[in-house]
Amino acid sequence: LFGEAPSRIVVSVRPDAVADVLHRATEAGVPAVRIGTTGGPVLSIAVAPLGPLSAGVRDLRERADACLAPIVGD
């Protein structure tokens with residue numbers, strides 16, 4: 001859904017800190033957008049122009065582990 005190239009980062013913050021982080025980024029001239037939320041068994045991300053996407057956290061973890069196992073071992 002996105003690339004984590006050297007010029008991009010994903011920041012995770014508590015819901016009550018989102019406005020402050022976005023405000024600070026704006027003040028610093030850094031483009032920033034809220035891309036989604038989590039809080040339970042489902043990860044939801046809003047991706048323009050696709051709209052909201054959701055995936056089960058357990059499924060994401062299993063796929064990430066399966067993909068990395070051949071590289072880093074069990």
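The following paragraphs lead the reader through the structure shown above, from its overall layout to individual residues. The structure is a predicted model, and every value below was computed from it.

The protein chain contains two helices and three strands. Read from the N terminus, these elements follow the order α-β-β-β-α. The chain has 74 residues, of which 7% are buried. Its exposed surface comes to about 6,400 Å², and carbon and sulfur atoms supply 60% of that area. Contacts along the chain can also be sorted by how far apart their partners are in sequence. Of the contacts between residues at least 6 apart, 10% join residues at least 24 apart.

The walk begins with a part of the surface. Ile 9, Val 11, Val 13 and Val 21 make a nonpolar surface patch of about 350 Å². One of these residues, Val 21, belongs to helix H1, which covers residues 18–27. Is Val 21 exposed, partly exposed or buried? Its relative accessibility is 32%, and Val 21 therefore counts as partly exposed, since that class lies between the limits of 20% and 50%.

Charged residues come next. Side chains of opposite charge can pair when their charged atoms come close. The structure holds four salt bridges, and three pairs are described here, including one between Arg 14 and Asp 16. In that salt bridge, the closest N and O atoms of Arg 14 and Asp 16 are 3.1 Å apart. Arg 14 is exposed, with a relative accessible area of 58%, and Asp 16 is exposed as well, at 61%.

Helix H1 provides another example. Here the side chains of Arg 24 and Asp 20 meet in a salt bridge, with an N to O distance of 3.0 Å. Where do these two residues lie with respect to each other? Both are in helix H1, four residues apart, which is about one turn of the helix. An α-helix has 3.6 residues a turn, so residues three or four places apart point the same way. The two partners fall into separate accessibility classes: Arg 24 is exposed, with a relative accessible area of 55%, whereas Asp 20 is partly exposed, with 38%.

After H1 come the strands. Strand E1 covers residues 36–38, and Gly 40 lies in the loop between E1 and E2. With a relative accessibility of 42%, Gly 40 counts as partly exposed. The sequence places Gly 40 and Val 57 17 residues apart, while in space their C-alpha atoms are 7.9 Å apart.

Strands E2 and E3 run antiparallel and are joined by six bridges. Individual residues can be matched across this pair: Val 42 stands opposite Gly 56 in E3, and Ile 45 stands opposite Leu 53 in E3. In a regular strand the side chains alternate between the two faces of the sheet. How many residues form the hairpin connection from E2 to E3? The hairpin joins the two strands through three residues. Ala 48 lies in this loop, between strand E2 (42–47) and strand E3 (51–56). Ala 48 counts as exposed, because its relative accessibility is 73% and the limit for that class is over 50%. The C-alpha atoms of Ala 48 and Ile 35 are separated by 9.5 Å, the two residues being 13 apart along the chain.

The walk ends with helix H2, which comprises the 16 residues 57–72. What span should a helix of 16 residues have? The expected span is 1.5 Å times one less than the number of residues, so H2 should span 22 Å; the C-alpha atoms at its ends are 21 Å apart, which agrees.

Helix H2 also carries a salt bridge. Arg 61 pairs with Asp 65, and their closest N and O atoms are 3.7 Å apart. This distance meets the cut-off for a salt bridge, which is within 4 Å. Both residues lie in H2, four residues apart, about one turn of the helix. Arg 61 is exposed, with a relative accessible area of 53%, while Asp 65 is partly exposed, with 40%. Following H2 is Gly 73, whose phi is positive, near 90 degrees.

Definitions and conventions. Residues numbered from 1 in each chain as written. Predicted model: local features only at pLDDT ≥ 70, side-chain atom pairs only at ≥ 80, totals over all residues. Heavy atoms only, no water. Buried < 20%, exposed > 50% of the residue type's maximum accessible area, 1.4 Å probe, protein only. Contact = heavy atoms within 4.5 Å. Areas by Shrake-Rupley, 256 points an atom, 1.4 Å probe, with all protein chains shown as cover. Patch = residues over 30% accessible without salt bridge, like charges linked within 9 Å, V, L, I, M, F, W, Y side chains within 5 Å. Pairing = 2+ DSSP bridges.
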